[in-house]
There are 2 protein chains.
Amino acid sequence: MFWIYGFYVMTPRKPKSENSIVDIARALGISPATVSRALNNNLRISEATRVRVKEMAKEMGYRHNSMASSLRNRRSNTIGLIVPRISMYFHAFFITSLQRQLQAAGYNLMICQSNDSVKLEKELANSLYSARVDALVVSLTLYTEDISHFEGFVKQGIPLVFYDRVPAEGTPSYVIKGDDYRGGLLAGNHLVGAGCQRIAYVSGPLSCSIYHERTRGFMDALAKQDVALRKEWVYHHELTMENAWNSLRKLFDGHDVPDGLFAANDTTAIAAVEFARERAIRIPEDLRIIGYSNDPRTSIITPSITSIEQYPHEMADKVAETLIDALQQPVSGSSVSIGDPVVCPVDLVRRMTT
Amino acid sequence: MFWIYGFYVMTPRKPKSENSIVDIARALGISPATVSRALNNNLRISEATRVRVKEMAKEMGYRHNSMASSLRNRRSNTIGLIVPRISMYFHAFFITSLQRQLQAAGYNLMICQSNDSVKLEKELANSLYSARVDALVVSLTLYTEDISHFEGFVKQGIPLVFYDRVPAEGTPSYVIKGDDYRGGLLAGNHLVGAGCQRIAYVSGPLSCSIYHERTRGFMDALAKQDVALRKEWVYHHELTMENAWNSLRKLFDGHDVPDGLFAANDTTAIAAVEFARERAIRIPEDLRIIGYSNDPRTSIITPSITSIEQYPHEMADKVAETLIDALQQPVSGSSVSIGDPVVCPVDLVRRMTT
DNA sequence: TTGTATGCGTTATCAT
DNA sequence: ATGATAACGCATACAA
């Protein structure tokens, strides 16, 4: 709006809807710079003006514009997170914990779900890259092998942290993972120790680090104890209820059936318990079952299921710490060094299925 | 960097780290405006330059700066969400569904947890307000009664949508809620219909809309069937395992015990089943139990628990639709009108505890 | 302690 | 179809 020939002329622009620091400055008869400094509690500003400015800001309903601020400062105070599914127990608790800490440190968390689709993961990575997140945290899809869509972050020196489902070695990024190899080992030893000889294994796809590692550990355990793992009793597929149920049917179709099952996630273990109930297979006498993740459901079902605890909160602590370090000391180092994976402990929780 | 007396002079500013639209323009010898238009697929740009620009952009590793774009356009393409806890079943699935749809519509979702703290909820509201979210979606804490911290959104005409745990009437915002009154009614009728006469009720605090409504419905059902609800058998508190367990102990301490229990969430119902198992109370013969939310755990536990299904996905659909409508038709109307709550259906799912 | 001036990267407006 | 320019709101270097 400006003054011409005695008339106010409305420009066709959007009306200026909100007060900025310039408006406060004008109202107070001081410069915008002073206002900015006062609002940011800059040291070299008099107490008096600081107070005046803040009062006026409140009076005018001023709100800080973080978009402008971010543009100017070249940092968004936002951290991106790409996770396969929010609703998975492990991730839900991980996120809860991570977010609480980042919130406390003054960061916003932009949570996105890849839904286990590589294509979507790529799109999200690009979107968060454009959104100028200050850091990116990722747990990969089941099928991500090519991780070139994260290269931009590395090139720009934007901290990149993988957790849980991490890429193959050699990525110049932070890696924080569970000790899946040991988890597999524990599971294998436990089943054999309980007397199982005819062991079946239902796992996720090997393209995913966690299943790859669990499988390695499990295989090693069996090999070391001279227990054979028959090929036809090993399944690799997405670990949904339906898929699990299908594999179980195949496993127990003939008269030659397993006496032990390692289910690489708890959903599958739960399916197995329900399957056994339906078929009147006695647990643990006829079949011993061990799951993975220590999902709360495992302790609710009857019989309760032996599982591997992954400590999602501790993992979130580690990720948060890594992030905050990396963000505070740009480029230089943090306590977690790049490319040197942090391996978080796991524990076996014994229950009634073994 | 600028040219003086034949020398490039580095200013002490941060080095310009990335290529912008201006750099592309310079490289191509055209104007930044043209580059912007080309990248945005503006119609009045020649196919030839569009291609040239896009190629150069790719070559130079250009990435769109949404902070600048947002500042200029006065919209962030980001929607804020404040939820009590991500890890609650209902919310986890709601979020999953909502996010998928907003993602598809080109919006980012900034998910925050209030952790059922009113103080944190306020901080988050302010933070999202500063972050210039284009809309805000909220499910309130258990204790939020004063909702003045959302006033700013209303004043600025930023779409504000409450779902599930909604404020008392009269807020000029969109409201999408489950039919908690009917849920309570269904629960009450079901217990009485199954023959219960001595009914207990463990609920959340009445400051929270969902428990308020469930309680009303439940009370009405009992009243209509002339079944008394003893005061000493009614509890209102946060519905955690521990609290539930405490109340159950009190309920079953004497010799005069209930024969029916309405647990206003499934966690409490699960606690009740486990409590009954420990005390050798037979279900459903001695005690009938009904929960709320149809958490997957209710169908896994033995005996499986009768519960009320809330259809989180459908609710998310409705919220997404409302948001997208409201964002597309600023100020004017959408199919959901402000202040006129949308009530989503609920259904009783009968299982083995009744 | 405060003011002046500039630029962050993009896009809308107006002009050509 | 393309170019020149200004402005979104803020925060800093520099000057006073």
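This is a guided tour of a predicted model with two protein chains and two DNA strands.

**Stop 1: DNA strand D**

Select DNA strand D and the residues around it. There are 26 of them. Ile21(A), Tyr62(A), Arg72(A), Thr34(B) and Arg37(B) come nearest. Both protein chains appear in that list.

Now colour the strand by atom group. Of its atoms within 4 Å of the protein, 68% belong to sugar or phosphate. The rest belong to bases.

Zoom in on the backbone of Ile21(A). One of its N or O atoms lies 2.7 Å from a phosphate oxygen of DNA strand D. Switch to chain B and pick Ser31(B). Here a backbone N or O atom sits 3.0 Å from a phosphate oxygen of DNA strand D. For a contact with a base, go to Ala68(A). A backbone N or O atom of Ala68(A) is 3.4 Å from a base nitrogen of DNA strand D.

Show the cartoon next. Which helices supply at least two residues each to the surface near DNA strand D? They are H2 (32–39) and H4 (66–73) of chain A, together with H2 (32–39) and H4 (66–73) of chain B. H4(A) gives the most, with four residues. By residue type, this surface has nine nonpolar, eleven polar and six charged residues.

**Stop 2: DNA strand C**

Move to DNA strand C. It is surrounded by 29 residues. The closest are Thr34(A), Arg37(A), Arg72(A), Tyr62(B) and Arg72(B). Sugar and phosphate make up 68% of the strand's atoms that come within 4 Å of the protein.

Label three residues of chain B here. Ile21(B) places a backbone N or O atom 2.7 Å from a phosphate oxygen of DNA strand C. Asn65(B) has a polar backbone atom 3.3 Å from a phosphate oxygen of this strand. Ser69(B) uses its side chain: a polar atom there lies 3.4 Å from a phosphate oxygen of DNA strand C.

Which elements each supply at least two residues to the surface near DNA strand C? Select H2 and H4 of chain A, then helix H1 (21–28), H2 and H4 of chain B. H4(B) gives the most, with four residues. The surface near DNA strand C divides into ten nonpolar, eleven polar and eight charged residues.

**Stop 3: between the chains**

Hide the DNA and select the contact between chain A and chain B. Chain A brings 53 residues and chain B brings 53. About 4,600 Å² is buried between the two chains, 50% of it on carbon and sulfur atoms.

How many salt bridges join chain A and chain B? The count is two. One pair to display is Arg132(A) with Glu18(B), whose side chains meet in a salt bridge at 3.9 Å, N to O. Polar contacts across this interface number 16 residue pairs, with both residues at pLDDT 80 or more.

Stay on the chain A side. H4, helix H5 (89–104), strand E4 (108–113), helix H6 (118–130), helix H11 (266–279) and helix H12 (297–300) each give two or more residues to it. Its make-up is 20 nonpolar, 20 polar and 13 charged residues.

**Stop 4: Arg214(A)**

Finish at Arg214(A), in helix H9 (residues 209–224) of chain A. Is this arginine buried or exposed? Arg214(A) is buried, because its relative accessible area is 2%, below the 20% cut-off.

Follow the side chain of Arg214(A) to the backbone oxygen of Ala264(A), 2.8 Å away. Then show the other residues in contact with Arg214(A) from beyond four places in sequence, including Asp180(A), Tyr201(A), Phe262(A), Tyr292(A) and Gln310(A).

Definitions and conventions:
Residues are numbered from 1 along each chain as its sequence is written. Chains are lettered from A and ligands numbered from 1 in the order in which they are written. This is a predicted model: local features need pLDDT of at least 70, side-chain atom pairs count only at pLDDT 80 or more; totals for chains, interfaces and linings use all residues. Side-chain values use heavy atoms; hydrogens and water are left out. A residue is near a molecule or strand if one of its heavy atoms lies within 4 Å of it. A polar contact is a pair of N or O atoms within 3.5 Å; within protein, one must be able to donate a hydrogen and the other to accept it, and residues adjacent in sequence count only if both atoms are side-chain atoms. Ala, Val, Leu, Ile, Met, Phe, Trp, Tyr, Cys and Pro count as nonpolar, Asp, Glu, Lys and Arg as charged, and the others, Gly among them, as polar. Contact means heavy atoms within 4.5 Å. Buried area is the accessible area (1.4 Å probe) that two parts lose on being put together, summed over both. A salt bridge is a side-chain nitrogen of Lys or Arg within 4 Å of a carboxyl oxygen of Asp or Glu. Buried means under 20% relative accessible area, exposed over 50%, partly exposed in between (1.4 Å probe, protein chains only).
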